[in-house]
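Here are some notes to help you find your way around this one. Have the viewer open and go through the points in order.

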Amino acid sequence: METTDKLAQVEQDVLAAMKRPGKAYFVALGCSATLFLVLLGLWGYQVRTGMGVAGITHPVGWGVYITNFVFWVGIAHSGTLISAVLYLFRARFRTSFNRPAEAMTVFALLVAGLFPLIHLGRSWKFFYLFPYPTQRHLWVNFRSPLIWDVFAVSTYLTVSVVFFYVGLIPDFAIVRRYKEGLAKRIYGLLSLGWTGTRRQWKNYNQLYLFLAAFATPLVASVHSVVSWDFAMSIIPGWHTTIFAPYFVAGAIFSGTAMVFTLVVPMRKILALDRYITADHFESLAKILLFTSLIVSYSYVVEFGLAFYSGNPFEMEQFRYRALGDYTVMFWIMIVCNSVIPLTLFAKRLRRNVTYLFVLSLFVNVGMWVERFVIIVASLARDYDPYAWGTYSPSFVEVGITLGSFGLFFSAYLVFLKTLPVLSITEIKEHL
Amino acid sequence: MEKRMRFENKEEFLAALRDLAREGVPQERIRVETPFYVHEVDEIFPPKPAKVKNFALLGAASGTVTGFAFTILTSLSWPLIVGGKPIVSLPPFVIIAFALTILFGALSTFFGFLHLSRLPSLFGVIPEEEFGNAFVITVEGEKTE
């Protein structure tokens, strides 16, 4: 077969996904969008009534909202790992996943960015977080981890969007060729007038390499900074040096699981079996298994550190975490994150796509619960027994949490029908 | 006079390019359009060193400088001691400088790429002719004095 025929085949296969969607698609989009509307409604209710409608109060001032923030930032990480780190390591299997994974990164960060605003209460004062010249000549406190967070997360979002867009430029030029009228014009504009000359390709190749190099340290740094929101305090269970690597491993673990959750149905529905094979899934399953082992190791080390600390508050915190008010959550976390993923040692299961999908749902739950356990259990019992208390989320918090999934899946569904779901250019290059 | 060759096959395209190199046609006269980045082209016609890296370095360095200058100068402009830490607390400022290094570096590389590749190009938004998946070599005629 001539090279061009093979290349055209790839284009048609991938672009077939952008065809007019069926009924099932609209039902799925309708459900997700409704959930998102629920989020907006409940947020409005909270703004109007006050923070009292949320379950957070003294002593647990950080509840489900902060849990969601940490969870969604974590989800984003695996996208960057797949698109940037694996690119630098020349791991060929990334080509099958990088586009959906990058989209996931961008959407997860957008969702994550909502939660500090929701948690603020007076959301319209959000700009206080940014350093800007004021009449009072007072600047933000750069020694505060919350300000580091603003810089880390907004840098991460910007770089991820640029990286995602740059990957799309040559693909936009391909879509342009297949479209007519207004759509052709829009994709033409998005492609920036790409024509594929040698000069463009040469510079593009360099740009992609450098963006990958810039994004790679972010995989380690962003969730480290998020973990320091906790580790910089003196709360027992939070104040530990293992937090940064522990959070980063957890982030990649949960993000990889989310890639399975998104890509397995996508591959089935859009008939992309030829491009995303069991081999590709197996490689990704190995990342999942590896990060699961790191996370499990961190759980053990955390307990070890507390045990040897000689600090009664620290020791009590870990006893409480495993056996106290949140014991059920703690054991869900252990089972979902440490025990079930061990089954991936079996090659047969690593290659079983349905199994991977089901497993990924358990990991998603497990990692959300992990963040909840870390945040809530530590605040519920710090030093002074007089200030102990428990927390359970109110219906507003539960609704907003579900709504965040609605927003995430809506954005992803729109992505499936408007942008090429796989990197056509890269698949062609490796053909 | 322009001579255009269009190939359906990558190997034939490379063979033709090698022939041109053997004939001694200077690469300034050759324009190549491909559906993806073909590394072999660079072996046949070694390119000038890419300049994108200069933008990366410049952007990253300016990010580091901005990060430190901004945090230090704003702290000094209202010297308020917080949590018993020094006014100029370098360790936390490193985090800001690190983030800005990456942010400025990535953005500068991107804009540098646009500048060097002559993008966005209005003529290319809806190009007059498109080669699709073909590999195209255009040899421009020799300039006559």
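1. Before anything else, keep in mind that this is a predicted model. I'll start with one feature of the smaller picture, a helix pair in chain B, and then work outwards.

2. Look for H3(B), which covers residues 52-77, and H4(B), which covers residues 90-116. H3(B) and H4(B) cross in a right-handed way. Their axes come within 6 Å of each other, and the crossing angle is roughly 150°. Anything over 145 degrees counts as roughly antiparallel, and H3(B) and H4(B) are therefore roughly antiparallel to each other. What kinds of residues make up the contact of H3(B) with H4(B)? By class, 17 are nonpolar and 12 are polar, with no charged residues.

3. Now zoom out to chain B as a whole. Its secondary structure amounts to 5 helices and 3 strands. Follow the sequence and you'll meet them in the pattern β-α-β-α-α-α-α-β. The radius of gyration of chain B is 25 Å, well over the 15 Å that the globule rule gives for 145 residues, so chain B is more spread out than a compact globule. If you box up the C-alpha atoms of chain B along the principal axes, you get roughly 75 × 35 × 30 Å.

4. The strands of chain B deserve a closer look. The 3 strands make an open sheet, ordered S1-S3-S2, with antiparallel pairing. Why do S1 and S2 of chain B each have one side without a neighbour in the sheet? Strand S1 (2-7) and strand S2 (30-33) stand at the edges with a single partner strand each, so one side of each is left free of a neighbour there. On average, neighbouring strands in this sheet are turned by 15° against each other, ignoring direction.

5. As for the pairings themselves, S1(B) and S3(B) run antiparallel and are joined by 6 bridges. One residue to click on is B:Met5, whose bridge partner in S3(B) is B:Ile137. S2(B) is also antiparallel to S3(B), which spans residues 135-140, and 4 bridges join S2(B) to S3(B). Here you can pick B:Ile30, which has B:Val139 as its bridge partner in S3(B). As general background, strands of a sheet pair through backbone hydrogen bonds.

6. The sheet has a helix lying across it, too. H1(B), residues 10-23, lies across S1, S2 and S3 of chain B and runs at about 20° to S3(B).

7. Next, the place where the two chains meet. Here 54 residues of chain B are in contact with 51 residues of chain A. Which elements of chain B supply at least two residues each to the side that touches chain A? They are S2, H3, H4 and H5 (122-125). H4(B) gives the most, with 15 residues. Sorted by class, this side of chain B has 32 nonpolar, 15 polar and 7 charged residues.

8. On to chain A, with 15 helices and 0 strands. The radius of gyration of chain A is 23 Å, close to the 22 Å that the globule rule gives for 431 residues, so chain A is as compact as a globular protein of that length. The C-alpha trace of chain A spans about 75 × 60 × 45 Å along its principal axes.

9. One helix pair in chain A is worth a visit. H4(A) packs against H14(A), residues 395-418, at an angle of about 150°, and their axes are 10 Å apart. That makes H4(A) roughly antiparallel to H14(A), and the crossing is right-handed. Residues making this contact include A:Phe107, A:Val111 and A:Leu114 of H4(A), along with A:Leu407, A:Phe408 and A:Phe415 of H14(A). By class, the contact has 12 nonpolar residues, 1 polar residue and no charged ones.

10. Finally, some backbone details to check by eye. In chain A, the peptide bond from A:His58 to A:Pro59 is cis, with omega near 0°; A:Pro59 is in the loop between H2 (23-49) and H3 (64-88) of chain A. In chain B, the bond from B:Leu119 to B:Pro120 is cis, with omega near -10°, and B:Pro120 lies in the loop between H4 and H5 of chain B. A:His137 has a positive phi of about 60° although it is not a glycine; look for A:His137 in the loop between H4 (98-120) and H5 (145-178) of chain A.

Key
Residues are numbered from 1 along each chain as its sequence is written. Chains are lettered from A and ligands numbered from 1 in the order in which they are written. This is a predicted model: local features need pLDDT of at least 70, side-chain atom pairs count only at pLDDT 80 or more; totals for chains, interfaces and linings use all residues. Two strands pair if DSSP finds at least two bridges between them. Helices (H or I, at least four residues) and strands (E, at least two) are DSSP runs, numbered from the N terminus. Axes are lines fitted to C-alpha atoms, for helices over the stretch in contact, and angles run from 0 to 180 degrees between N-to-C directions. Two residues are in contact if their C-beta atoms, placed from the backbone, lie within 7 Å. Angles under 35 degrees count as roughly parallel, over 145 as roughly antiparallel, 65 to 115 as roughly perpendicular and the rest as oblique. A crossing is left-handed if the near helix is turned anticlockwise from the far one by less than a right angle, and right-handed if clockwise. Ala, Val, Leu, Ile, Met, Phe, Trp, Tyr, Cys and Pro count as nonpolar, Asp, Glu, Lys and Arg as charged, and the others, Gly among them, as polar. The radius of gyration is taken over C-alpha atoms; the globule rule is 2.2 Å times the number of residues to the power 0.38.
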